[in-house]
Amino acid sequence: MIGNTIKKVLGLTVSAAILSFCVPFSVSADDKNDKSYINSGSNAGDESDTAYETADCIGRVASRQNLNYTYEKGGDGFKDYMGPYFRLGAAVTGYEINKTVAQEFIKKNYNSITCMNEMKPDSIIAGVNGDEVDISLNSAKAILKFAEHNGIGVHGHTFVWYSQTPSYLFQDNHEYVSKERMNKRLESMIKNTFSELRSQFPNLQVHSYDVCNELFINDGGGMRPESGSNWAKVYGEGNSEFVVNAFKYAREYAPEDCKLYLSDYNEYMSKKTDDLIDMAKKIMKEGDYIDGIGMQAHLISRYSSASEFETAIKQFEALGLDIQITELDISSSTGPVDELYPQIFEVAMKHAKNISCVTLSRTTDESVWRTDDYIRLPFSNYQPKNFYYDIIALADKIDPPTVTTTNTLTTTTTTTTTTTTTNTATTTVSATTTAPVDIKELLDSKVSIWGDANCDDNIDMSDTVIIMQSLANPNKYKLTEQGAANADVYEAGVGITTNDAASIQKYLLGIIKSLPESYSSNVTASK
Ligand code: GLA
């Protein structure tokens, strides 16, 4: 890496006029938030739990978790209380994400987002052409942009589902297609989705994906029959070929750090638990394709008990896979939800070493997910309810998975003799083999020359132009992976924005002496 040792700087004929053509900027650098914590480890390994006594098992679960998320130690967001245990998410709609109150609420409280409907098959499938499936992420765009811009990870939901999937995916001229053609369409859908995600949202972290959702009938008895699933109509009842294939394709085309889940509802009911375990084992037998079980956790107060839920968690843990709670909500149809919520969180926090993420099915009571009126969240009108405080109080009571905290003191002296001291703490989990990540070092190592967006070994106005073009017309102008790493100079780690072009101009004008202008303290980095 060349870092700031710049070979030559060309094109220094920039003027203030050119500067204002691009973007307005403020010369004073933003304050660095020095309280952001990066959980870069694995939370596996608690000797007290007999299910995890073997080292082999510990290693397997650890490697199946994406724990590259940030939270603020001592912060008062929901995610900050839960950060030492797991990533915390909420599902949102494209409509809700445009509201400022929702945006601020999400930024404060969550480090994961699930699209409520916008990434379901009927939202992303734009058309089918023979073996090919065209994918459009337009419905999800506002949510994914928001997540990308704010460094919030996304849980993808979902590829294979009996519901909300266009019937033309399974047919040619209203006739069901062959298994061979369907395999190709399945592969194409998965491949093209990841490729669109990568090209349109290069700095977005899709930390995990529900590859298959709700495969089974309600209370045991195996997979959905032909009468309830177009997948069964093509592959035949009870045939799980498409499930294994979906995981195989997802593993092939998903980014390396995107973990893959089999998800269902009523998963805590013993017969459904068994169905999920049998299917997970089937997939595991075929190869290293699945990372975890997604427990939707649509619960009902006074009916689904926390101990029943914990029994299911223990059974899933015994698979050696990760667990995510993916759509947690509690219906108040049989009484108040105030007691069950803290009980469920208590169970999740106690099993946190094997639970990488807990996602609420929506943000606040008023946002729509399930059609009945009884679903209650810990928030109403984006304000915490009383039992929310019972949930966060658990953090004083339950030990998080063992962590070691390393404090690194970094002192940066600028040319104006201002000294900025940043105290960064990296939280890692003792059972992991991953070394603490120094974000600055990690970003530097990915860069050939800071500011050299077009990778021509120079820093000049053409770098600012290509950044602006790539933002204005991403289909036509694309930064290469190296170019994008080099160009991320305003708040390194945050991704490409117009501020990066402005930083390069400031550098060319001599207003700042080196690039990057700053490093983000709110960055999720993958190795
Ligand atoms: C399932 C799906 C969700 C949502 C709910 C609605 O749980 O996985 O995406 O559609 O149903 O009840």
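1. Helices and strands are DSSP runs, numbered from the N terminus. With that in mind, look for D291, which sits in the loop between helix 10 and strand 12. Please remember as you read that this is a predicted model.

2. Let's stay with D291 for a moment. Is D291 buried or exposed? D291 has a relative accessible area of 2%, and since buried means under 20%, D291 counts as buried. The side chain of D291 also has a polar partner: a polar contact of 2.9 Å links it to the side chain of R251. Setting aside neighbours within four places in sequence, the residues in contact with D291 are R64, R251, C258, K259, L260, L321 and D322.

3. Now a nice example of how folding brings parts of a chain together. D291 and S208 are 83 residues apart along the chain, yet their C-alpha atoms are separated by 9.1 Å. S208 in turn leads us to H207, because a polar contact of 2.8 Å joins the side chains of H207 and S208, a pair adjacent in sequence that counts since both atoms are side-chain atoms.

4. H207 belongs to strand 10, which covers residues 206-213. Its relative accessible area is 2%, so H207 is buried. Which residues does H207 touch, not counting those up to four places away in sequence? They are N66, R87, S112, G153, V154, H155, D257, C258, K259, Q324 and C357. You may recognise C258 and K259 from the contacts of D291.

5. Next, the ligand. It is surrounded by eleven residues, and the closest are K120, H157, N213, Q296 and E327. Try finding three polar approaches on screen. A side-chain N or O atom of K120 is 2.6 Å from an oxygen atom of the ligand. For N213, a polar side-chain atom lies 3.0 Å from a ligand oxygen atom. For Q296, the distance from an N or O atom in the side chain to an oxygen atom of the ligand is 2.9 Å. Taken alone, the ligand exposes 310 Å², and the protein buries 80% of that.

6. Helix 11 is a good place to practise a simple check. It has twelve residues, 306-317, and at 1.5 Å a residue it should span 16 Å, because the expected span is 1.5 Å times one less than the number of residues. The end C-alpha atoms are 16 Å apart, which agrees.

7. Which residues of helix 11 are buried? The buried ones are A306, F309, E310, A312, I313, F316 and E317. They cover an arc of only 160° around the axis, so they lie on the same side of helix 11. The spacing makes sense once you know that an α-helix has 3.6 residues a turn, so residues three or four places apart point the same way. The cover over these buried residues includes helix 10 (270-286), strand 12 (292-295), strand 13 (298-300), strand 14 (322-331), helix 12 (340-350) and strand 15 (355-360).

8. Helix 12, one of those covering elements, is itself mostly covered, with eight of its eleven residues buried. Those residues are L340, Y341, P342, I344, F345, V347, A348 and M349.

9. Finally, step back to the whole chain. The protein chain holds 17 helices and 20 strands, and buried residues make up 55% of its 527 residues. Among contacts between residues at least 6 apart in sequence, 75% join residues at least 24 apart. The chain exposes about 22000 Å², with carbon and sulfur atoms supplying 48% of it.

Conventions. Residues numbered from 1 in each chain as written. Predicted model: local features only at pLDDT ≥ 70, side-chain atom pairs only at ≥ 80, totals over all residues. Heavy atoms only, no water. Helix = DSSP H or I, 4+ residues; strand = E, 2+ residues; numbered from the N terminus. Buried < 20%, exposed > 50% of the residue type's maximum accessible area, 1.4 Å probe, protein only. Arc of directions from axis to C-beta. Contact = heavy atoms within 4.5 Å. Polar contact = N/O pair within 3.5 Å; in protein donor to acceptor, adjacent residues only side chain to side chain. Near = heavy atom within 4 Å. Areas by Shrake-Rupley, 256 points an atom, 1.4 Å probe, with all protein chains shown as cover.
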